[in-house]
Amino acid sequence: MTPAHETEYGIAPGGLLLMPYGEDALVVTRAGRCAAVAASARAVVGEIGTAGLTLPQLAATVADRASGRDAFIAGTESVRTLIEIDALLPTALVGSPGQQLGAVVRAKPDDPSYGVPEVRVVELGLPWSVFAAAPATVAELVSETLASPGRRLLEFGPGLSTVAVGLAADFADVEVEVVGIEQDTAWAESVVAALPASPHVTVSMVLAPLVPADADPAPFPLKRWYDRDALGVVQGPFDVVLVDGPTAFRSEWQFDRWPALDFVQPLLAGGATIVLDDANREGEGAIGRDWLERLGEGWQAAIVDRSLWLRHRDAG
């Protein structure tokens with residue numbers, strides 16, 4: 001048996017989708033699994049090819065591109081994650097029909113891209129900013145949505161994550177439906193324009209202006225919430241819900257995402273996941289604790305970078 005440090009890794013059959021995300025990138029496999037890749041590892045993905053590189057060689061390549069110790073650590077962790085999601089496979093398996101490890105369940109022998117370990121680079125088509133969800137959050141959102149039974153995603157505050165899910169679904173050859181609730185008409189139009197023209201991707205935008213919030217039932221001071229008449233067209237069930245709106249970066253808006261739970265609870269599918277972004281901030285942190293207490297048993301909490309993930313697990 002070849003020692004682990006001598007095993008060469010190459011791109012999985014069917015290739016990979018790479019979406020630049022700020023300085024980092026999102027990498028998607030044909031099986032619909034997604035990982036965030038640090039800047040120091042981003043170029044490495046496009047250079048491995050069919051020849052393959054051993055783990056020490058991969059680490060050395062990352063080191064050549066890392067700006068410092070932290071960047072090197074992030075890059076090597078990215079390589080480890082790519083191996084975990086079967087984006088990188090031992091070259092002894094790459095190209096062998098079968099197929100191995102469940103890595104390419106979407107790639108068929110009659111697919112012209114089958115066995116072609118290329119990296120397809122696609123821009124998201126929207127400007128990135130510091131207010132965007134963290135790469136790890138978007139990667140987890142893509143994987144969670146594409147792996148869910150109904151593949152229906154509801155987003156409060158659509159944007160880069162919406163496009164990433166759409167591009168990933170098209171690459172993995174699976175159908176996905178996204179409903180976005182947006183306060184800004186121009187931004188909603190930009191998101192739709194950036195989406196791939198794919199028979200696999202259905203995206204609906206619900207334009208809902210912000211109005212003064214009804215603060216009577218809330219444990220926090222609320223300022224604004226989406227117009228409830230506009231929200232009336234939203235129909236479940238949804239497998240995944242991302243709460244990244246309304247905008248809440250001002251102190252007087254910090255609790256304005258609290259009403260989302262009451263709105264989505266009747267619309268959730270069994271085993272649904274709720275993601276609250278910016279949970280590292282004081283307002284969203286308090287909202288998350290309140291939601292978890294109100295949801296009760298059967299819900300599990302996890303932190304992914306700056307986001308809080310609440311997953312419901314059916315007893316059966």
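**An open sheet and a buried arginine in a predicted model**

In this predicted model, 4 strands form an open sheet of mixed pairing, in the order β4-β3-β2-β7.

Q: Which are the edge strands of this sheet?
A: The order of the strands in the sheet is β4-β3-β2-β7. An edge strand pairs on one side only. The edge strands are β4 and β7 (119-121).

Q: By what angle are neighbouring strands of this sheet turned against each other on average?
A: The sheet is open, and its pairing is mixed. With direction ignored, the average turn between neighbouring strands is 25°.

Q: Over how many bridges do strand β2 and β3 pair?
A: Strand β2 covers residues 16-21 and pairs with β3 in the antiparallel sense. Within this pair, Y21 stands opposite D24 of β3. The number of bridges between β2 and β3 is 5.

Q: Which residue in the hairpin of β3 and β4 takes a positive phi?
A: Strand β3 (residues 24-28) and strand β4 (residues 34-37) are antiparallel partners over 4 bridges, and V27 faces A35 in β4. Between the two strands of the hairpin lie 5 residues. The residue with a positive phi, near 80°, is G32.

Q: Which helix lies across β2, β3 and β4, and which helix touches β2, β3 and β7?
A: Helix α4 (residues 135-147) lies across β2, β3 and β4, and runs at about 170° to β4. The helix that packs on the sheet with contacts to β2, β3 and β7 spans residues 160-172, and its direction makes about 170° with that of β2. The two helices are, in turn, α4 and α5.

Q: Is R311 buried or exposed?
A: R311 is placed in strand β16 (residues 307-312). Its relative accessible area is 13%, and the cut-off for a buried residue is under 20%. R311 is therefore buried.

Q: With the side chains of which residues does the side chain of R311 make polar contacts?
A: Leaving aside neighbours within four places in sequence, R311 is in contact with several residues, among them A272, T273 and W299. One polar contact of its side chain, to the side chain of E140, spans 2.9 Å. A further one, at 3.0 Å, reaches the side chain of another residue, E144. The partners are E140 and E144.

Q: What percentage of the residues of the protein chain count as buried?
A: The secondary structure of the chain comprises 9 helices and 16 strands. The chain has 316 residues and exposes about 14,100 Å², of which carbon and sulfur atoms supply 51%. The share of residues that count as buried is 52%.

Notes: Residues numbered from 1 in each chain as written. Predicted model: local features only at pLDDT ≥ 70, side-chain atom pairs only at ≥ 80, totals over all residues. Heavy atoms only, no water. Buried < 20%, exposed > 50% of the residue type's maximum accessible area, 1.4 Å probe, protein only. Areas by Shrake-Rupley, 256 points an atom, 1.4 Å probe, with all protein chains shown as cover. Pairing = 2+ DSSP bridges. Polar contact = N/O pair within 3.5 Å; in protein donor to acceptor, adjacent residues only side chain to side chain. Contact = heavy atoms within 4.5 Å. Axes fitted to C-alpha atoms, helices over the stretch in contact; angles between N-to-C directions.
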